[in-house]
Amino acid sequence: MSETPLSATELTELTVGLNRLARNLWWTWDLDAQEIFQELSPRAWQNLYHNAVAVLHEVSDYELRVRLCNPAFAVRVREVLEKFNAYMNEKRTWATEHAPELAHNPVAYFSAEFGFHETLPISAGGLGILAGDHTKSASDLGLGFVGISLFYREGYFQQAINQENWQTEYFTLLNPKNLPMEPVLDARGDQLTLSVDIAMSRVAFQVWKVNVGRSIVYLLDTNLPANEQHYRDLTLRVYGGDGTTRIMQEILLGIGGVRVLRALGVQPSLFHMNEGHSAFLTLELIREKLAEGKQFAEALEIAKSQCVFTTHTPVEAGHDRFNQELISYALGKTQKLLKISIMDFMALGRVNPADVNEPFCMTVLALKVSRSANAVSELHGQVSRKMWHCLYPDKKEEQVPIGHITNGVHVLGWMKGRNRHFWRGKLGAKWETEVNSDQFWTRMLDPDFVSDEELWAFRYQMRRELIEFARRRLLMQDRRMTQGDFITYDRLLNPDALTIGFARRFATYKRAPLIFTQYEDIVRLALDEQRPVQFVFAGKAHPHDDDGKRFIQKIIHLSKHSEIKSHLVFLENYDIHVARQMISGCDVWLNNPRRPLEASGTSGQKAGCHGCLNMSIMDGWWREGYNGNNGFAIGDDTHPDSVEEQDRRDSANLYRVLTEEVVPCFYERDAQGIPRQWIAKIRQAMATLTPKYSTWRMVQDYTNKYYLKTPPATQGKQ
Ligand SMILES: *Cc1c(COP(=O)(O)O)cnc(C)c1O
């Protein structure tokens, strides 16, 4: 390797390249790119919570140049930049072969939230994470794809726990300059500014762009001096405010989103509504056609032929409903532009148009104005067809036009660093391509490919890293800590013990504290000296959900004041980073929703590639994923009607599976100290779950089933 210092041109090239790389979230799923930002300043990397843009701001130009004059480092940077360029300019992708028609007329994917990375907290939970993973895989597959959402400058709330173990919320202001986003400019080079009509006002908004590999996501932002203060704050927080804020955010998202695409000359071949929040986009499509001189019925048919809709939950609160007063206040101008009466307008969102008391439902609008609709697992499909049968009275329930595509996760994005190193060590430079292929994971069944010993050592390291992470977090959490407590934290959690994880939103149907129903038994299990069990919990309750907050309080109380206090921890401020630590470090991922309310669930899908086994109610994706050998089932494919009966039955089953299956299997060791049966299950989980429950598969399914006008089976035959 030459020792000659870099030329000025080369230095500039690398510096510019790094700045471009930091502003494309591709780096978050590329091991080398991530490590370069990390190594630039390990301390800034920690303090700035893994924000590459902010790290580059923190490191001075001089320092950066000095680092780049180190030949080894410069070579690595150049290699990463080359890899990034190759990715961005790849000529042959899955989509060039399977979905060429979407290259110039992309899918426009609307979602009220996107979860990409912990530094851009504009997601409240699973819906946003799914949208983020969908975008990343659309990019990997080379699919024509643009996303639309809002830029919430205070994001979603941060969680803190007070002295009473009660959740409190606080917000931090996000600074676009320090985030992986850029302003969208108009032809004159000014920030593009558009507007939507809301109530009596014309509300202006600007647009930001987030690069997610080859995909672009546009974020709308009303924080402009031209707007009255309450409209400036419309995009302050994810699902912030009351019903009025909600409907206004949804007008901005749906109607404003279509306007952004038009202003930028993007001509989508279809509009995908990820949940009903964005369904007002259909009104804008109808309005456009009316302006071209079409009649309402025809305009509606055209709009319908361009839209697809995904419903995400059977929980009532997940379906926005607005009364007529609010609709005519917020959307009065739109109604006039559509040249229909308020009755006809309301009819678009009513099951029974004649019922003047029925509120306007966003799901109903989305179902009425889309060419296809789907749920997110097989069981959720059944439940949704039953739920919306009322809209299709002429059809039998099973003919209700709601299909299903089961959710998945973006595997490379969820893989923890150590896991990525493990595979790179094993497979060499091309490891990512292999890991993304369907066939690869079946190799996990072959002990000559990966030995039990290797897998078990890997599992130990993952668990150990989680425990160290948890101890660090708890130390930070406990601000009243005294010096002496360091000892306690060092002893907290045992790196050899069976570790059970539970983390998700604390919606009550997810029943976070269910496992503590048989409290005495759990204490006995946890404290068993030979076969100890420990628990790691995390999750946020909705700010208005006191029942959810009581669940948190109960678990934290147990973690501080019960017999099992050193065997149970609650990690504050659940987010993508915490999620990644937990799904990789735990041995068992617990999921015990009240069936059939977990439409799919995705956190358990992130566990498989880390060798963490699912123990779950037969709901959502697990009902399809479980094969008898790749994890643990709580109960069976049925549930009683009575909620009390269900809770009782599920907690008894949970305890039974834990004591009869999970604990014995984990602790049954051979002479080498290896749990062979447990590892056999890990192999099964990796082989059968990882490729199938990925967004790599899911986005292909969406493309084949819903995005393409010509389904692949008939392609070329017409
Ligand atoms: C994956 C994930 C979720 C969704 O988890 P579910 O199992 O679907 O409830 C929510 N929040 C975060 C931060 C996640 O990473």
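This report describes the domains, the ligand site and a set of individual residues in a predicted model.

**Domains**

The protein chain is split into three parts: domain 1 (8–88), domain 2 (94–404) and domain 3 (436–693). Between domain 1 and domain 3, the distance from C-alpha centre to C-alpha centre is 35 Å.

**Ligand site**

The ligand is surrounded by 14 residues, and the closest of these are Trp414, Lys510, Thr602, Ser603 and Lys606. Sorted by class, the shell around the ligand holds five nonpolar, five polar and four charged residues. Domain 2 (94–404) and domain 3 (436–693) each supply at least three residues to the shell around the ligand.

Oxygen atoms of the ligand have polar partners in the protein. A polar side-chain atom of Lys510 is 2.8 Å from a ligand oxygen. In Lys606, an N or O atom of the side chain lies 2.6 Å from an oxygen atom of the ligand. Thr602 takes part through its backbone, where a polar atom is 2.9 Å from an oxygen atom of the ligand. On its own the ligand exposes 390 Å², and the protein buries 93% of that area. Two or more shell residues come from each of the elements α8 (126–141), α25 (576–585) and α26 (603–607).

**Helix α23 and Lys554**

Helix α23 covers residues 519–527, and its buried residues are Tyr519, Asp521, Ile522, Val523, Leu525 and Ala526. These buried residues pack against β16 (533–538), α24 and α28 (643–667).

Helix α24 spans residues 546–561 and contains Lys554. Lys554 has a relative accessibility of 40%, so this residue counts as partly exposed. The C-alpha atoms of Lys554 and Phe516 are 9.7 Å apart in space, with the two positions 38 residues apart in sequence numbering.

**Thr93**

Thr93 sits in the loop that links α6 (71–88) to α7 (94–98). Is this residue buried or exposed? Thr93 is buried, because its relative accessible area is 11% and the cut-off for buried is under 20%. Its side chain comes to 3.3 Å from the backbone oxygen of Leu141. Apart from neighbours within four places in sequence, the contacts of Thr93 are Leu141, Gly142 and Arg214.

**Arg623**

Helix α27 (residues 620–625) contains Arg623. With a relative accessibility of 17%, Arg623 counts as buried. The side chain of Arg623 makes a polar contact of 2.7 Å with the side chain of Asp637. When residues up to four places away in sequence are not counted, Arg623 touches Glu378, Leu379, Gln382, Arg595, Met618 and Asp637.

One of these partners, Arg595, is joined to Pro596 by a cis peptide bond, with omega near 0°. Pro596 belongs to the loop between β18 (588–591) and α26.

**Phe110**

Strand β1 (residues 107–110) includes Phe110. The relative accessible area of Phe110 is 0%, so the residue is buried. Phe110 and His272 are 162 residues apart along the chain, while their C-alpha atoms are separated by 6.1 Å. Residues that Phe110 touches, not counting those up to four places away in sequence, include Ile148, Leu253, Val258, Leu261, Phe271, His272, Met273 and Leu281. Glycines also appear among these contacts, namely Gly254 and Gly257.

**Positive phi in residues other than glycine**

Ala199 has a positive phi near 50° and is not a glycine. Its place is the loop between β6 (193–198) and β7 (201–212). Leu493, also not a glycine, has a positive phi of about 65°. Leu493 is in the loop between α22 (485–491) and β15 (498–503). Which accessibility class do they fall in? Ala199 is buried at 2% relative accessibility, and Leu493 is buried with a relative accessible area of 3%.

**Accessibility of the single residues**

The table collects the values for the residues discussed above.

| Residue | Relative accessibility and class |
|---|---|
| Phe110 | 0%, buried |
| Ala199 | 2%, buried |
| Leu493 | 3%, buried |
| Thr93 | 11%, buried |
| Arg623 | 17%, buried |
| Lys554 | 40%, partly exposed |

Note on methods: Residues are numbered from 1 along each chain as its sequence is written. This is a predicted model: local features need pLDDT of at least 70, side-chain atom pairs count only at pLDDT 80 or more; totals for chains, interfaces and linings use all residues. Side-chain values use heavy atoms; hydrogens and water are left out. A residue is near a molecule or strand if one of its heavy atoms lies within 4 Å of it. A polar contact is a pair of N or O atoms within 3.5 Å; within protein, one must be able to donate a hydrogen and the other to accept it, and residues adjacent in sequence count only if both atoms are side-chain atoms. Accessible areas come from the Shrake-Rupley method with a 1.4 Å probe; for residues, only the protein chains shown count as cover. Helices (H or I, at least four residues) and strands (E, at least two) are DSSP runs, numbered from the N terminus. Ala, Val, Leu, Ile, Met, Phe, Trp, Tyr, Cys and Pro count as nonpolar, Asp, Glu, Lys and Arg as charged, and the others, Gly among them, as polar. Domain bounds come from an automatic or database domain assignment. Buried means under 20% relative accessible area, exposed over 50%, partly exposed in between (1.4 Å probe, protein chains only). Contact means heavy atoms within 4.5 Å.
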